[in-house]
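Please open the structure in your viewer and keep the selection tool at hand. The tour proceeds from stop to stop, stating what to select and what is found there.

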Amino acid sequence: NFQNFENISPATQKSIRVFTQLINNLILESQKVSVSRLIRLVIEDSGYLDELQKEEAKTEEERSRVENIYQLINSAVNFETDSDDISLEAYLNYISLISDIDAMEGESSNKVKLMTVHSSKGLEFPVVFLAGVADGIFPHFNSAKNNEVEEERRLLYVAITRAEVNLYQTESPPDNNNISLKDIEEDEDCDLGDEIDNLPL
């Protein structure tokens with residue numbers, strides 16, 4: 001419809017048409033390729049990296065723009081390696097959590113921070129409250145049905161080792177049909193016993 005506007009020059013119309021085609025192509029590719037490949041396509045097809053590299057970067061800010069592009073690609077590759085769900089939506093949720101954590105690190109430490117176990121990886125706090133350590137919640141009841149108890153063990157390990165001084169766990173009435181924290185602790189293949197025993201619960 002932009003062709004009907006007299007104040008849009010033919011050259012501008014052509015640029016809009018090329019840009020629209022680029023976006024449509026990327027939308028189609030997003031359904032077929034990995035996140036890291038999609039990011040590369042955006043960078044290559046848009047010519048953004050080429051534009052940055054046309055002239056030698058003279059300032060730290062200009063150099064950091066190129067470095068940020070490669071860091072973005074690397075983050076997508078790492079995400080695909082470490083995650084079960086490697087969809088574009090999952091990646092966007094992942095980087096959103098990372099951005100939230102980065103923002104929190106710049107805030108005052110005298111605050112309560114609410115986060116998932118996944119997003120707490122790599123962080124430590126003097127006091128941690130671990131909610132829902134109960135049958136069917138953590139570990140989740142689906143983990144036993146889907147043979148994912150080992151993954152629940154790893155998540156529990158991450159959760160309890162976020163505490164530097166004190167760890168508090170909350171629970172709800174048990175459901176006898178589901179696996180429990182006790183089942184995980186007493187499993188002979190589980191190596192969380194020492195971690196739990198050494199924390200001031």
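**First stop: a pair of opposite charges**

Select K32 and E29: these two residues form a salt bridge, and their closest N and O atoms are 3.6 Å apart. The model on display is a predicted one. Side chains of opposite charge can pair when their charged atoms come close. Colour K32 by accessibility: its relative accessibility is 61%, so K32 counts as exposed, the cut-off for that class being over 50%. Its partner E29 has a relative accessible area of 26% and is therefore partly exposed.

How many salt bridges does a search of the whole structure find? The search finds two. To see the other pair, select E44 and R37, whose side chains meet in a salt bridge with an N to O distance of 4.0 Å. Here E44 is partly exposed because its relative accessibility is 46%, and R37 is partly exposed because its value is 36%.

**The overall layout**

Now return to the whole chain and display it as a cartoon. The secondary structure comes to nine helices and two strands. Following the chain from the N terminus, one meets the elements in the order α-α-α-α-α-β-α-α-β-α-α. The protein has 201 residues, and buried residues make up 27% of them.

**Helix α1**

Select residues 10-30, which are helix α1. At 1.5 Å a residue, the 21 residues of α1 should span 30 Å; the C-alpha atoms at its ends are 30 Å apart, so the model agrees with the expected span. Which residues of α1 are buried? They are Q13, L22, L26 and S30.

Next, show F19, I23 and I27 as a surface. These three residues make a nonpolar surface patch of about 280 Å². Of these, I23 has its place in helix α1. With a relative accessible area of 34%, I23 is classed as partly exposed, because this value lies between the limits of 20% and 50%.

**Helix α2 and the residue after it**

Move on to residues 35-46, helix α2. This helix has 12 residues, which at 1.5 Å each should span 16 Å; its end C-alpha atoms are 16 Å apart, in agreement. Within α2, select V35, S36, L38, I39, L41 and I43, which are buried. By contrast, R40, which also lies in helix α2, is partly exposed because its relative accessible area is 32%.

Then step to G47, which follows α2. The phi angle of G47 is positive, near 75 degrees.

**Contacts across the sequence**

The following selections pair residues that are separated along the chain. Draw a distance between the C-alpha atoms of R40 and I69: these residues are 29 apart in sequence and 9.3 Å apart in space.

Repeat this for V77 and R37. They are 40 residues apart along the chain, and their C-alpha atoms are separated by 9.0 Å. V77 lies in helix α4, and its relative accessible area of 31% makes V77 partly exposed.

A further pair is L49 and R65, which are 16 residues apart in sequence and 9.1 Å apart from C-alpha to C-alpha. L49 is found in helix α3, residues 48-52. Is L49 buried or exposed? L49 is buried, because its relative accessible area is 14% and the cut-off for buried is under 20%.

**A negative surface patch**

Select D84, D85, E89 and E148, which form a negative surface patch. One of these residues, D84, lies in the loop between α4 (60-82) and α5 (88-105). At 80% relative accessibility, D84 counts as exposed.

**Last stop: helix α7**

Finally, select residues 149-160, helix α7. Its 12 residues should span 16 Å at 1.5 Å a residue, and the distance between its end C-alpha atoms is 16 Å, which agrees. Colour the buried residues of this helix: E152, R153, L155, L156, V158, A159 and I160. The list includes the charged residues E152 and R153.

How values were computed. Residues are numbered from 1 along each chain as its sequence is written. This is a predicted model: local features need pLDDT of at least 70, side-chain atom pairs count only at pLDDT 80 or more; totals for chains, interfaces and linings use all residues. Side-chain values use heavy atoms; hydrogens and water are left out. Patches are made of residues with over 30% relative accessible area and no salt bridge: like charges are joined within 9 Å, nonpolar side chains (Val, Leu, Ile, Met, Phe, Trp, Tyr) within 5 Å. Accessible areas come from the Shrake-Rupley method with a 1.4 Å probe; for residues, only the protein chains shown count as cover. The place of a charge is taken as NZ of Lys, CZ of Arg, CG of Asp or CD of Glu. Helices (H or I, at least four residues) and strands (E, at least two) are DSSP runs, numbered from the N terminus. Buried means under 20% relative accessible area, exposed over 50%, partly exposed in between (1.4 Å probe, protein chains only). The expected span of a helix is 1.5 Å times one less than its number of residues.
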